[in-house]
Amino acid sequence: MPILMIALLFGVMYFMMIRPQQKRRKEAEQMQSALGPGDQVVTIGGLHGTVAAVDDDTVTLEPSPGVQLRFARPAIARVVNSVDRPEEIEETPEPEAENTASTGPDLRKE
């Protein structure tokens, strides 16, 4: 009976903790391997930047124009905007401009 309880406890631990962690790690590795120049990313430290270059183990980010920082690939927490997936921009119709330009006070007599 105690061996059955231990086996059941191990099975529950596997499906509740180990398997989901392996799945998250696999997704993170896929995201990090798909990084490319132009992607907007966030690091694990909270730095937002655009990927300027990608090497085997490092990613060069450009947080602002002219500034480049090198990070290890695992330091990239998430991709905010990918070059492969362009943003869908909703176009809002502009209201028609009425000719309301005033050239001065109205001096007409009524």
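**An open antiparallel sheet and its confidence**

In this protein, confidence is lowest in β5, where the mean pLDDT is 89, and highest in β4, where it reaches 94. Over residues 85-89, by contrast, the pLDDT is below 50, and beyond near neighbours in sequence this stretch has one contact in the model. Where pLDDT is low, the predicted coordinates should not be read in detail. The model is a predicted one, with an average pLDDT of 82 for the protein and a score of at least 70 for 75% of the residues.

The strands can now be placed relative to one another. Five of them form an open sheet with antiparallel pairing, and their order across the sheet is β4-β3-β2-β1-β5. The edges are occupied by β4 (67-72) and β5 (76-81), each of which has a single partner strand, so one side of each is left without a neighbour in the sheet. From one strand to the next, the twist averages 45°.

Within the sheet, the pairing can be followed from β1 through β2 to β3. Strand β1, residues 40-43, runs antiparallel to strand β2, residues 48-54, and the two are paired over three bridges; in this pairing Q40 stands opposite T50 of β2, while V41 stands opposite G49 of β2. The hairpin of β1 and β2 has four residues between the strands, and in it G46 adopts a positive phi near 95°.

A second hairpin, with three residues as its connection, leads from β2 to β3. Here β2 pairs with strand β3, residues 58-64, again in the antiparallel sense, over four bridges, and A53 is found opposite T60 of β3.

Technical notes:
Residues are numbered from 1 along each chain as its sequence is written. This is a predicted model: local features need pLDDT of at least 70, side-chain atom pairs count only at pLDDT 80 or more; totals for chains, interfaces and linings use all residues. Side-chain values use heavy atoms; hydrogens and water are left out. Two strands pair if DSSP finds at least two bridges between them. Axes are lines fitted to C-alpha atoms, for helices over the stretch in contact, and angles run from 0 to 180 degrees between N-to-C directions. pLDDT is the predictor's confidence in each residue, from 0 to 100. Contact means heavy atoms within 4.5 Å.
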